[in-house]
Amino acid sequence: MPAAGAHGDTATAGGRSRPRRRSVVAALTALVAAGAVTSCSVPAPRRATATADPAPGMPIASSRRAQLMQILAHPDDDLYFMNPDTQRMLDAGVPLVSVYVTAGEHDGRNHIPGEKDVPADKADYSSARHQGLRQAYAALIGLDKFADWTKGVVSLNGDRQAEINTLTNGSRRVELIFLNLPMHTARRYMALPSLWQDRALGLNTVVAADSRLRRTVAYDYDALIDVLVGLMEQYRPTVIQTLDPDPDIQHSDEATRKKDSEQHGYSDHADHTAVASFSWAAMVRWVAHATKDDGEVPGFVATSFRGYYNRHWPKNLPVPVLREKATGLVPYGGDPDWECGNPAGCGDYNVGGIRPLRNRKGWVRSTHYRYPGARPVVAAEPSGRLVAYGVLGLRTVRWRETRPGSGRWGAPDDLGGGPLAPTLGAATLRDGRQLLFALRFASIGGHGSTNRREIVLLEQRSPGGEFLAWDGLGNPERDDDRGRRIGVPVAVAAPDGRVHLFVRNADKGISTRIRDTDGSWDRWRDLGGAEIQDGLSTVVDGAGRVHVFGAGRKNVHHWTQETMGLPLTFRSDGELPVPGDQPAPVRTRDGGIELFYRRPASSLVLAVRPGGAPSRPRKEGFEGYGLLSAAAAPGGPVLLGKDTRGRVQLRTGRQLLTRTQGNAALDSPALHLRGPRGTATAVGMGADAHPWIWSPQSGTAG
């Protein structure tokens, strides 16, 4: 995130056109000029885009050594948009390498609140922001904020170099790599979006005032992707965190857009979109290179975080988690009176103190995933053995339990299909066969290349058996730019044998396709209704009717059928409490529906009955944050989620259990009720890119 309050016009990072509701405007607004640039009069030939083979059956690299890599646009993007997730992994001893693509220099002014503007010095301002990061990460791993870092220069692909700072505290290790590409250029106001789009553009880096690297480095489009691929090959991350490559369409008047620091037509900063696009293109290229000549698929999982999206939706972090997250920004912001040993500055002063909490945009008050949902998908085979389906190396894989009830996974089987977004949808047919749904990056590239997303399907041939070939289900949007905005697929099998598939569309509503009993699919249809966040939830009630729920700005939104087999329509459920995140629905003993969710900024779970009649919320406790999973069991609803310290917790009946052992858990685990007694089992992904099983009743620790 650039310096607060220091934003001008921004280019559209992910594509060449502005969106509108049903079409795309022909060209972008002309952009202002400022900054350093190199260019060649004749564009270099476009390199063929590396693509990963979607066919299944490739060998998969395996390592139980966890490594987190973050790829950011600006210093502080991680602190604003990725915490508390980064903090949780550092606390668990997962080493971190964080790559900052731009210098964060903006206009060179390190604004001190309440004082007159300081002279512009881009080298100093970049250095001060680097110092702020060192202070922040020293505190995050339990050291004094002025701890001594080891500073050096790292060699990169293409004979390039970058500054690297390293700090350790016991098992905790942080490496900060500053590529330092400029934010602005003489030809284009926004450098990174232009580098993504313009084949003729090259950039020279900004040399920070305190850097061990004292010369500029030249970059073009392919060079940046190659450098990111080289870092992935060097560090072999098991988790890659980056920003949102496909932000929501956002129509704001010009004054509001500038105040919100957003690009034309989209709800994020253009640098965030460009860096996320470069990151995903690099992941695709890494997998393609690694699997060439029968090589192994790299074993990593990816997570994209929303950015300025946080401004537009209810805030989802409760006070204890928010306090912890905001505290991490205090040493980053620093203070001009600190004696940090860096003459260029001791932080990004406009972000210091409690200013992030006072900022009306509220970026710090939420943490949202671009591809929300529980991972992996969990099912039971006819033998009773659990099977988990997830995305590893951008491809779908299957893990099988070594034997029923063992609590241990065998090696992953590659099911192909990549490159895929991190979260799968699933439905189980009446005969026990599994359907898997994924959001696929059908193409991702700059320089005028297509950027296309599609929903794809993998259908099991027989219960517990192998799968048919991948099948494309298209996209509910008719043009590629709008098609990039769709959400992750969610599906449910109805008692009449039909399968209902749902995705959030570019208008922030819901689109659906239905699979008939003969396996044929109807066309995409827009269900209308109100705007919702991504992260849909489905359930079938006692009458066989399908329900789908989404979290709106002021209410829970609900689509359902009048009777089984009829089309779903939008319903008004009265004034249910405002949701902070997606609701978790459960079918009740009387055949109705109960929803479990937290209000904005609350740690406590509520239970409410939708359906139009007045409903008095029931307080469930279960303090925590993030995605909830719920299931009906003989002893009452089972809840799975995280407590305020990020630990996985499970409530069965009146018993509250907390997972305190095992690998650090990523984002949102899945809930599965096992066997005729409905034994509650949690399955999640660890920071080592391996799944874990936790069945407290049977004594497994995870």
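These are my notebook entries on a few strands, helices and single residues that I looked up in this predicted model.

**Entry 1: strand β20 and its partners**

I started with strand β20, residues 499-504. Is β20 largely enclosed or left open by the rest of the structure? Six of its six residues are buried, so β20 is largely enclosed. I then looked at where the side chains go. In a regular strand the side chains alternate between the two faces of the sheet. Here Val499, Leu501 and Val503 point one way from β20, while His500, Phe502 and Arg504 point the other way. I noted that all of these are buried, whichever way they point.

Next I checked which strands pair with β20. Strands of a sheet pair through backbone hydrogen bonds, either parallel or antiparallel. Strand β19, residues 490-493, pairs with β20 in the antiparallel sense, and I found four bridges there. To place one position, I looked across from His500 in β20 and found Val492 opposite. β19 and β20 make a hairpin with five residues between the strands. Gly497 in that hairpin takes a positive phi near 95°.

β20 is also joined to strand β21, residues 510-515, by six bridges, and these two run antiparallel. Which residue of β21 is the bridge partner of Arg504? I found Ile510. β20 and β21 form a hairpin too, with five residues between them. In its turn, Lys508 has a positive phi of about 70°.

**Entry 2: helices α5 and α7**

Two packed helices are described by the angle between their axes and the distance between the axes. I looked up both for helix α5 (residues 221-235) and helix α7 (residues 270-291): the axes come within 9 Å and cross at roughly 60°. α5 and α7 are therefore oblique to each other. The crossing of α5 past α7 is right-handed. I listed who makes the contact: from α5 the residues include Tyr221, Leu224, Leu228 and Met232, and from α7 they include Phe278, Met283, Trp286 and His289. Sorted by class, the contact of α5 with α7 has eleven nonpolar, two polar and four charged residues.

**Entry 3: helices α3 and α8**

I did the lookup again for helix α3 (residues 122-140) and helix α8 (residues 319-333). Their axes are 7 Å apart, and the packing angle is about 140°. That angle makes α3 oblique to α8. α3 passes α8 in a right-handed crossing. On the α3 side I found Arg129, Gly132, Leu133, Gln135, Ala136 and Ala139, which meet Gly328, Pro331 and Tyr332 in α8. This contact of α3 with α8 divides into five nonpolar, three polar and one charged.

**Entry 4: two open sheets**

I traced an open sheet of three strands in the order β35-β36-β37, with antiparallel pairing. β35 (670-674) and β37 (691-694) are the edge strands, and each pairs on one side only. From one strand to the next the twist averages 25°. Between β35 and strand β36 (residues 679-685) I found five bridges. Leu671 stands opposite Ala682 in β36.

Another open sheet has four strands, ordered β15-β16-β17-β18, and its pairing is antiparallel. Which strands stand at the edges? I found β15 (425-428) and β18 (471-474), each with a single partner strand, so one side of each is left without a neighbour in the sheet. The twist there averages 30° from one strand to the next. Four bridges join β15 to the antiparallel strand β16, residues 434-443. Across from Gly425, in β16, I found Phe437.

**Entry 5: two single residues**

Is Phe305 buried or exposed? Phe305 has a relative accessible area of 0%, so I wrote it down as buried. I found Phe305 in the loop between β10 (301-304) and α8. Leaving aside neighbours within four places in sequence, its contacts include Phe81, Met82, Gln241, Leu243, His368 and Tyr369. I also looked up Val488, which is 183 residues from Phe305 along the chain; their C-alpha atoms are separated by 14 Å.

Last came Thr658, which I found in strand β34, residues 655-658. Thr658 is partly exposed, with a relative accessible area of 29%. Not counting residues up to four places away in sequence, Thr658 touches Asp643, Arg647, Val648, Gln649 and Trp694. Leu640 is 18 residues from Thr658 in sequence, and the two are 9.9 Å apart in space, C-alpha to C-alpha.

Conventions
Residues numbered from 1 in each chain as written. Predicted model: local features only at pLDDT ≥ 70, side-chain atom pairs only at ≥ 80, totals over all residues. Heavy atoms only, no water. Buried < 20%, exposed > 50% of the residue type's maximum accessible area, 1.4 Å probe, protein only. Pairing = 2+ DSSP bridges. Axes fitted to C-alpha atoms, helices over the stretch in contact; angles between N-to-C directions. Parallel < 35°, antiparallel > 145°, perpendicular 65-115°, else oblique. Left-handed = near helix turned anticlockwise from the far one by under 90°. Contact = heavy atoms within 4.5 Å. Nonpolar A, V, L, I, M, F, W, Y, C, P; charged D, E, K, R; others polar.
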